2 protein chains.
Amino acid sequence: MLYADDLSPGQEFVFGTWTMTQQDIIDYARQWDPLPIHIDIAAAAAGPHGGIIASGLHTLAIYQRLLVDAFWKNVHAVGGRNFQLSFKRPVRPGMTLSGHARIDRIEHRPERGNAVLYLVSQLTDDNNQVVFDIAADAVILRRPSA
Amino acid sequence: MLYADDLSPGQEFVFGTWTMTQQDIIDYARQWDPLPIHIDIAAAAAGPHGGIIASGLHTLAIYQRLLVDAFWKNVHAVGGRNFQLSFKRPVRPGMTLSGHARIDRIEHRPERGNAVLYLVSQLTDDNNQVVFDIAADAVILRRPSA
């Protein structure tokens with residue numbers, strides 16, 4: 001398990017992949033984002049996207065899972081603080097998502113025993129086109145002094 | 001169902017409430033954000049928050065569901081574009097969340113038949129303290145011309 005002291009700006013973490021079916025999209029959205037564009041096949045087909053698109057929340061959840069598996073599970077996390085996200089293109093059934101995260105900077109706060117980690121990440125589709133850009137900062141522990 | 005033409009800056013929408021149990025927190029996080037602070041009772045008790053806290057993603061999903069029920073389900077939505085979020089305090093088991101959203105401005109785009117809606121919202125806890133602030137913009141349809 002890594003502390004802030006073990007990480008450096010510029011380090012990159014490549015995500016695994018995640019494929020979403022139409023049923024996955026509908027199931028997630030029925031619970032958390034039940035809009036016709038996400039859950040109603042006929043209405044979505046006649047709508048602005050010509051078919052069902054994933055809830056942005058669902059896409060963000062997949063990003064978080066990929067990021068946990070590629071990065072966070074190895075780090076002493078305290079919690080997220082802020083993030084800023086721009087959706088670039090819709091996610092449709094059958095698409096396989098992946099992406100990468102890069103440490104932009106680390107603000108060490110020895111007086112608090114922690115640090116603020118600034119990450120910039122992209123979620124990408126099968127054609128390596130950007131689904132969304134996200135910049136996030138989170139608090140992580142510094143290595144306890146001896 | 002409302003179009004951009006039916007909405008005005010300054011309109012406010014008050015959310016219903018949502019109570020999360022420890023099991024809800026663990027179940028969501030096991031799938032989407034499986035970090036010890038969200039899923040491991042013993043590790044979380046010994047950790048920086050003194051107990052399990054909800055994944056920010058889970059909190060955001062609850063916000064989205066409350067916002068859909070209070071607002072989006074009545075509007076011709078095309079899709080989200082950007083959002084910016086600041087977590088203010090952790091969410092713990094048993095807390096009841098609510099909040100409100102306000103239309104900050106509407107950018108009408110008659111040449112595209114749609115508009116960009118800028119919303120500012122807060123998710124709040126039992127004591128009416130802010131859990132997070134969020135500013136988001138999304139595309140919605142304008143009323144089709146006769």
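Of the residues of chain A, A:Gln84 comes closest to the rotation axis, with its C-alpha 2.2 Å away. That axis is a good place to start our walk through this predicted model, in which local features need pLDDT of at least 70, side-chain atom pairs count only at pLDDT 80 or more, and totals for chains, interfaces and linings use all residues. Residues are numbered from 1 along each chain as its sequence is written, while chains are lettered from A and ligands numbered from 1 in the order in which they are written.

Let's look at how the two chains are related. A turn of 180° and a shift of 0.0 Å along the axis lay chain A on chain B with an RMSD of 0.0 Å. The two copies are thus related as by a two-fold rotation axis. The superposition is by least squares on the C-alpha atoms of residues with pLDDT of at least 70 in both copies. The same surface serves both copies, and 100% of the contact residues of chain A recur in chain B. Here, two residues are in contact if their C-beta atoms, placed from the backbone, lie within 7 Å.

Now for the interface. In it, 28 residues of chain A are in contact with 28 residues of chain B. On the chain A side, helix H4 (56-70) and strand E3 (77-87) each supply at least two residues; E3(A) gives the largest share, eleven residues. Helices (H or I, at least four residues) and strands (E, at least two) are DSSP runs, numbered from the N terminus. By class, the chain A side has 17 nonpolar, seven polar and four charged residues. In this count, Ala, Val, Leu, Ile, Met, Phe, Trp, Tyr, Cys and Pro are nonpolar, Asp, Glu, Lys and Arg are charged, and the others, Gly among them, are polar.

The E3 strands also meet across the interface: five bridges join E3(A) to strand E3 (residues 77-87) of chain B, and the two run antiparallel. Strands pair if DSSP finds at least two bridges between them. In E3(B), B:Ser86 is the bridge partner of A:Asn82.

Next, the interior. Helix H4 (residues 56-70) of chain B has 15 residues and reaches 21 Å from its first C-alpha to its last, close to the 21 Å expected at 1.5 Å a residue; the expected span is 1.5 Å times one less than the number of residues. Twelve of the 15 residues of H4(B) are buried, so this helix is largely enclosed by the rest of the structure. A residue is buried if 20 or more other C-beta atoms lie within 10 Å of its own, exposed if 12 or fewer, and partly exposed in between, with C-beta atoms placed from the backbone. Among the buried residues of H4(B) are B:Leu60, B:Tyr63 and B:Leu67.

B:Leu67 appears again in the largest nonpolar core, which has 86 residues; A:Leu67, A:Ile140, B:Leu67 and B:Ile140 have the most contacts inside it. Such a core is a set of buried Ala, Val, Leu, Ile, Met, Phe, Trp, Tyr and Cys residues joined through C-beta atoms within 7 Å. Not counting residues up to four places away in sequence, B:Ile140 touches several residues, including B:Val75, B:Val78 and B:Leu117.

Let's finish with a loop. A:Asn128 lies between strand E5 (114-124) and strand E6 (130-141) of chain A, and has a positive phi of about 65° although it is not a glycine. Most residues other than glycine have a negative phi. With 9 C-beta neighbours inside 10 Å, A:Asn128 counts as exposed.
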